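Please look over the sequence and the predicted model shown here. The report that follows takes its features one by one.

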Amino acid sequence: MDAAQQEATTRARELQRNWYGEPLGALFRKLIDDLGLNQARLAAVLGLSAPMLSQLMSGQRAKIGNPAVVQRVQLLQELAAQVADGSASAAEATERMDEIRKSQGGSVLNNTTQTTGSSGAPTVKRVVREIQSLLRSVAAAGDIIDAADTLAPSHPELAEFLRVYGAGRTSDAVAHYQSHQN
C-alpha cells in the first residue's frame with residue numbers, strides 16, 4: 001500500500017469513527033466474535049455483499065450508504081450485548097439474526113422495543129446512537145458541523161446539539177447528555 005492509499009484509509013477510518021463511534025473494522029470484528037459469525041454470514045445478515053463488507057472493514061470505503069444497513073448494525077450490537085449479559089441464548093440470537101436480516105429498516109427512532117435495556121427504559125447510549133444514526137444518514141459530519149456553525153448565532157443550543165450528537169463520538173455525546181441531567 002502506497003502513502004496515498006494509507007492516507008485515504010486513515011481518513012476513512014477517522015470518518016467511520018466520527019459517524020459510527022469507532023472504525024467499522026473494529027465494530028464488525030466485535031460482532032463476528034460476540035455472535036460467532038464469519039464475514040460472509042455477517043454480510044448476509046446486514047444485507048451487504050461480502051466485498052462491500054470487506055471494503056468497509058479495511059477502510060477502502062468509509063460510509064454505509066443504506067440507512068437500513070446502519071439500523072441492522074445497531075440491532076446486531078444490541079443482540080450481541082444481550083448474548084453477553086445472558087438475556088439471549090445462542091438459539092435466540094440465531095433466530096433474531098434471521099429476523100434482522102429480513103428487516104427492511106425504517107425509522108431508526110421508531111423501534112422502541114429495540115431501544116430498551118433490562119429495566120425497560122431506553123439506554124442512553126442506544127438513544128444517542130439512534131440520534132447519531134439519523135443525523136448521519138442524511139448528512140456527513142462536515143456538513144453537520146457547517147449547519148451547526150450557521151445556526152450558532154441564533155440557536156446556540158441547537159448548534160451544540162448538532163456538533164455533539166451529529167458529528168461527535170458516541171462516548172462524548174453520552175457524557176454530554178449525562179452532564180446535562182444533573
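## The second largest pocket

The second largest pocket of this predicted model holds about 170 Å³ of space. Its lining includes V124, V127, V128 and I131. E157, E160, F161 and Y165 also line the pocket. So do H176, Y177 and H180.

Three helices each supply at least two residues of this lining: α7, α9 (156-166) and α10 (170-179).

## Helix α10

In α10, the buried residues are T170, A173, V174 and H176. Viewed down the axis of α10, these buried residues fall within an arc of 160°, so they line one face of the helix. H176 is also among the residues that line the second largest pocket. A173 has another role to note: it is listed in a core of eleven residues, described below.

## Overall fold

The protein chain has ten helices and zero strands. From the N terminus on, its elements run α-α-α-α-α-α-α-α-α-α. The protein chain has 182 residues, and buried residues make up 40% of them.

Sequence separation matters for reading the contacts. Take the contacts in the protein chain with a separation of 6 or more: residues 24 or more positions apart account for 63% of them.

## Nonpolar cores

The largest nonpolar core has 34 residues. Within this core, F28, L42, L46, I64 and L76 touch the most other members. The elements that give two or more residues to the core are α1, α2, α3, α4, α5 and α6 (90-102). Helix α5 provides the largest share, seven residues. Apart from this core lies another, of eleven residues. Among its members are V128, L135, V164 and A173.

L46 deserves a closer look. Leaving aside neighbours within four places in sequence, L46 is in contact with F28, L53, V69, R72, V73 and L76. Two of those partners, F28 and L76, are listed with L46 as core residues that touch the most other members.

## Helix α4 and the loop after it

Helix α4 covers residues 50-58, and L53, L56 and M57 are buried in it. Seen down the axis of α4, the buried residues fall within an arc of 100°, so they line one face of the helix. They pack against α1 (3-20), α2 (24-35) and α3 (39-46).

What marks the two ends of α4? At the start, a side-chain oxygen of S49 comes to within 3.1 Å of the backbone nitrogen of M52. Just after α4, G59 takes a positive phi of about 85°.

Next comes the loop between α4 and α5, where Q60 lies. Is Q60 buried or exposed? Q60 counts as exposed, at 60% relative accessibility; the cut-off for exposed is over 50%. The side chains of Q60 and S58 are joined by a polar contact of 3.4 Å. Q60 and R13 are 47 residues apart along the chain, yet their C-alpha atoms are separated by 8.8 Å.

## The cavity and Q77

How many cavities of 30 Å³ or more does the structure hold? The structure holds one. About 120 Å³ of space lies in the largest cavity. It is lined by 13 residues. W19, Y20, Q74, Q77 and R129 lie nearest the centre of the cavity. Helices α1, α5 and α7 (124-138) each supply at least two residues of the lining.

Q77 lies in helix α5 (residues 67-84). Q77 has a relative accessible area of 16%, and buried means under 20%, so Q77 is buried. Which residues does Q77 touch, not counting residues up to four places away in sequence? Q77 touches E22, L27, L31 and R129. R129 is thus both a contact of Q77 and one of the residues nearest the cavity centre.

## A68 in helix α5

A68 is also found in helix α5. With 9% relative accessibility, A68 counts as buried. A68 and Q104 are 36 residues apart in sequence. In space, they are 6.3 Å apart, C-alpha to C-alpha.

Technical notes
Residues numbered from 1 in each chain as written. Predicted model: local features only at pLDDT ≥ 70, side-chain atom pairs only at ≥ 80, totals over all residues. Heavy atoms only, no water. Buried < 20%, exposed > 50% of the residue type's maximum accessible area, 1.4 Å probe, protein only. Helix = DSSP H or I, 4+ residues; strand = E, 2+ residues; numbered from the N terminus. Arc of directions from axis to C-beta. Contact = heavy atoms within 4.5 Å. Polar contact = N/O pair within 3.5 Å; in protein donor to acceptor, adjacent residues only side chain to side chain. Core = buried A, V, L, I, M, F, W, Y, C linked by side-chain atoms within 4.5 Å. 1 Å grid on protein atoms, 1.4 Å probe; cavity = no way out; pocket = protein on both sides within 12 Å on 5 of 7 lines; lining within 4 Å. Points joined across faces, edges and corners; volume = space filled by probe spheres on them.
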